[in-house]
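The following note sets out a few points for the colleague reading this model. They concern the ligand site, one strand and its partners, and two backbone angles.

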Amino acid sequence: MVGKIIVVTGSTGNQGRAVITVLLKRGVYRIRGLTRNVESPVAKELASQGVEMVSGHLLDKDSLIKSFAGAYASSLPSATELSNGKYTTHVRFDEKTEIDKYMKAIDQPGVVVHTGAFAENVLNFDYLKRDIVNPDQWHISIPITRPHSLWPLTYVGADLGPAVVSIIDKWDDPVIKSELSEKPLVLVVGTIDGVQMAETVKRVSGKQCDFVTIPKEMTPDSFILPYKFADDGFYAKLAERANPPILDKLGIKLHGFEDYVKDKIVTFMSK
Ligand SMILES: NC(=O)c1ccc[n+]([C@@H]2O[C@H](COP(=O)([O-])OP(=O)(O)OC[C@H]3O[C@@H](n4cnc5c(N)ncnc54)[C@H](OP(=O)(O)O)[C@@H]3O)[C@@H](O)[C@H]2O)c1
């Protein structure tokens with residue numbers, strides 16, 4: 001098969017599959033998917049679609065050297081920087097920033113894509129639940145964050161794949177290359193709070209839905225920090241860095257939470 005080889009890390013997860021779906025549709029690239037387990041059902045399904053699934057671990061340098069011909073990284077912004085030094089131990093954010101810094105330090109050409117909170121979290125993290133007493137009532141229940149705490153939002157399944165594939169397609173355009181090499185592409189459509197999520201679900205589905213905060217005491221320790229970081233308003237600041245002109249150049253029009261509700265949540269609620 002001809003065509004550039006595109007290596008997709010996290011190929012069996014939300015972000016990776018969103019990219020692979022669009023790469024497969026595009027049909028001009030060879031796709032190599034990285035996974036720790038080539039025998040998993042998702043890995044096998046991707047292989048059956050023509051993706052070359054290879055075994056690799058992000059902490060095993062040799063396996064990565066074998067797997068990579070070129071790479072596009074997904075990342076998160078620095079929590080330390082966004083919070084003006086308040087959150088210095090938020091590794092989920094800051095260790096990714098270290099990777100971005102390393103790429104710059106070794107002059108590795110590449111684009112850093114920052115996403116907001118995934119719209120998909122509503123179903124993947126079980127935020128949306130039917131009331132246990134009243135089957136006509138639904139709740140969006142999110143740990144720690146208050147009703148009007150803002151989240152930056154990205155509908156990964158709709159937008160990440162087209163954005164990444166457009167960057168790959170247009171990589172030889174000098175304007176796009178220099179602009180995207182300089183600073184991260186912030187793939188964030190805007191901000192949304194829990195009440196707005198519940199209202200959107202209610203309006204689109206026609207079913208009762210409200211917002212509930214899950215108290216800290218009922219939240220596993222490892223989740224407290226990311227939700228506190230969001231509740232303090234630091235994560236939402238990412239939306240201020242979104243850059244519509246570069247998205248226009250890439251031909252990308254971002255989808256909102258309402259699109260996700262129409263595409264996925266309505267069907268979920270009718271089951
Ligand atoms: N949820 C959000 O709101 C949000 C927002 C911004 C950024 N993010 C970040 O986006 C990234 C991807 O999220 P996602 O939802 O797509 O993840 P996901 O669905 O949980 O999938 C994780 C993927 O990473 C792979 N993986 C995990 N550990 C690995 C390792 N040590 N070596 C190689 N591959 C490994 C898994 O592959 P195998 O299991 O097949 O090996 C899987 O494909 C995460 O880093 C997350 O922090 C999430």
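1. For the account of the ligand site, Ala, Val, Leu, Ile, Met, Phe, Trp, Tyr, Cys and Pro are counted as nonpolar, Asp, Glu, Lys and Arg as charged, and the others, Gly among them, as polar. On that division the shell around the ligand holds six nonpolar, 12 polar and two charged residues. The model is a predicted one.

2. The ligand is surrounded by 20 residues, of which Thr12, Gln15, Thr35, Arg36 and Lys96 are the closest. Three side chains may be inspected for polar contacts. In Thr35, a polar side-chain atom lies 2.5 Å from an oxygen atom of the ligand. For Gln15, the separation between an N or O atom of the side chain and a ligand oxygen atom is 2.7 Å, and for Asn14 the corresponding value is 2.8 Å. The ligand taken alone exposes 920 Å², and the protein buries 70% of that area. The elements that contribute two or more residues to the shell are α1 (14-26) and β6 (117-118).

3. Strand β8 (137-143) merits attention for its cover: seven of its seven residues are buried. In general, the side chains of a regular strand alternate between the two faces of the sheet. In β8, Gln137, His139, Ser141 and Pro143 point one way, while Trp138, Ile140 and Ile142 point the other way, and all are buried.

4. The partners of β8 can be considered next. β7 and β8 run antiparallel and are joined by three bridges; they form a hairpin with six residues between them. Within this pair, Lys129 has His139 of β8 as its bridge partner. With strand β12 (residues 208-214), β8 pairs in the parallel sense over seven bridges, and Ser141 stands opposite Val212 of β12.

5. Which residue in the loop between β8 (137-143) and β9 (150-154) should be checked? Ile144 lies in that loop and has a positive phi of about 65°, although it is not a glycine. Ile144 is counted as buried because its relative accessible area is 13%, under the 20% cut-off.

6. A positive phi also occurs at Asp126, a residue other than glycine, with a value near 55°. Asp126 is placed in the loop between α6 (121-124) and β7 (128-130). Is Asp126 buried or partly exposed? With a relative accessible area of 47%, Asp126 is partly exposed.

Key:
Residues are numbered from 1 along each chain as its sequence is written. This is a predicted model: local features need pLDDT of at least 70, side-chain atom pairs count only at pLDDT 80 or more; totals for chains, interfaces and linings use all residues. Side-chain values use heavy atoms; hydrogens and water are left out. Helices (H or I, at least four residues) and strands (E, at least two) are DSSP runs, numbered from the N terminus. Buried means under 20% relative accessible area, exposed over 50%, partly exposed in between (1.4 Å probe, protein chains only). Two strands pair if DSSP finds at least two bridges between them. A residue is near a molecule or strand if one of its heavy atoms lies within 4 Å of it. A polar contact is a pair of N or O atoms within 3.5 Å; within protein, one must be able to donate a hydrogen and the other to accept it, and residues adjacent in sequence count only if both atoms are side-chain atoms. Accessible areas come from the Shrake-Rupley method with a 1.4 Å probe; for residues, only the protein chains shown count as cover.
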